[in-house]
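User: Please take a close look at the packing of the nonpolar interior of this model, and at the aromatic rings and cysteines that go with it.

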Amino acid sequence: MKDHIEYNESLYFNYYDEGNDLTAFMRIGNKPNKDEKSMFFVVMTPERTYGFRQTTHCDGDPDSIGGLTFKRSDSGTWALSYRGVVVDMGAEQPVPIPATMDIAWKSQNPEMDYKRCVNEEQAEMSSKVASEHLEQFGIADGTLVIGKESYTIHGTGERDSSAGVRDWGSPRMWAWINSVFMEKEAFNITKLSTDMGDVDAGYFYIDGDNRPLNQVSIDLRYEGGMPSSFTLSMKDMSGSSYDVDGKVKRYAMLPMGNNNEMMLVETISEYVWCGKKGYGIAEFLVRRG
């Protein structure tokens, strides 16, 4: 698998700060067999969405590119930093805006290995997306500056680490959805649709335990052609059920794939579970056209 031209190793982080109503998500991916390293860094505020993307050659520092750096300490806390520019993604003529970020991202649960959720057949179905997939939720604290706007950040979010073949054009669709409730409970799911069938995986962290999820149904509703709300019905491997309602607050769109044949719709959504309110990313990868 490591010899495949599309073999990829990547790190992804997000956080949502309710006080500032601000979302950030970011990724660094390395495809050493294509000599390709890429990144994106996106911030969504109520007024506008800022972003920056870059692709370059691989080098000896796989966790830093274009001013974006991820560094893990011995304690398990991640330092997320950015020194660069962003543009207003909605502007007709984008102008570079200076941006800096310094975030301490502290994990709140043990890493969840998706291998706990799938059988051998399902692992084969997902092999062109990422055969190694770890998930974890955490708390983000620090600062973010975009142009003249400065934010003190305190929020919650999700991180994932993946390795394996990453062919953005191989799935028919995927949904990757997560939320954190009261900084204590959280869930993450992936629903992957392939030509061979669907794969459901994820966790629900409750009572100090990552409960592996292996059944997920999504009732997704649209407004103006974009996802607007959804209902999740999830089951863990012991048979316990979890029903969550989600409502999209805002979204950003990123073309993906070798020919931009896929569109990554990244939303910040509000969730309700058992009367508790939470926030997190709901991501949908769909084929364009």
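Analyst: Contact here means that heavy atoms lie within 4.5 Å. On that basis, in this predicted model, L254 touches F25, F40, V42, R53, M262, M263 and L264, leaving aside residues up to four places away in sequence. L254 belongs to the largest nonpolar core, a set of 28 residues, in which F25 and L254 are the members that touch the most others. Several strands build this core, since at least two residues come from each of β1 (7–17), β3 (36–44), β12 (173–181), β13, β14 (197–206), β17 (241–256), β18 and β19 (276–287). The strand that gives the most is β14, with four residues. Separate from this set is a second core of 27 residues, which includes M39, Y82, M101 and I153. As background, nonpolar side chains in soluble globular proteins tend to be buried together.

The aromatic rings can be followed in a similar way. A search of the whole structure finds 16 aromatic pairs. One of them joins F187 and Y271 in an edge-to-face arrangement, with 5.7 Å from centre to centre and 85° between the planes. This pair links distant parts of the chain, as F187 sits in strand β13 (residues 185–194) and Y271 in strand β18 (residues 262–273), 84 residues apart. Both F187 and Y271 are buried. Y271 also pairs edge-to-face with F230, at 5.8 Å centre to centre and with 65° between the planes; here too distant parts of the chain are linked, with F230 in strand β16 (residues 226–236) and Y271 in strand β18, 41 residues apart. F230, like Y271, is buried. Beyond these two contacts, ring pairs link F181, F187, F204, F230, Y242, Y271, W273 and F284 into a cluster.

The cysteines remain to be considered. The count of disulfides comes to zero, and a disulfide would need two cysteine sulfur atoms within 2.5 Å. C117 forms no such bond because its sulfur is 20 Å from the closest cysteine sulfur, that of C274, which is too far. Seen from the other side, C274 is likewise in no disulfide, the nearest cysteine sulfur being that of C117, 20 Å away. The surroundings of these cysteines can be stated as well: C117 is buried, with a relative accessible area of 4%, whereas C274 counts as exposed at 64% relative accessibility.

Definitions and conventions
Residues are numbered from 1 along each chain as its sequence is written. This is a predicted model: local features need pLDDT of at least 70, side-chain atom pairs count only at pLDDT 80 or more; totals for chains, interfaces and linings use all residues. Side-chain values use heavy atoms; hydrogens and water are left out. Rings of Phe, Tyr and Trp (its six-membered ring) pair if their centres lie within 6.5 Å; planes under 30 degrees apart count as stacked, over 60 as edge-to-face and the rest as tilted. Buried means under 20% relative accessible area, exposed over 50%, partly exposed in between (1.4 Å probe, protein chains only). A nonpolar core is a set of buried Ala, Val, Leu, Ile, Met, Phe, Trp, Tyr and Cys residues joined through side-chain atoms within 4.5 Å.
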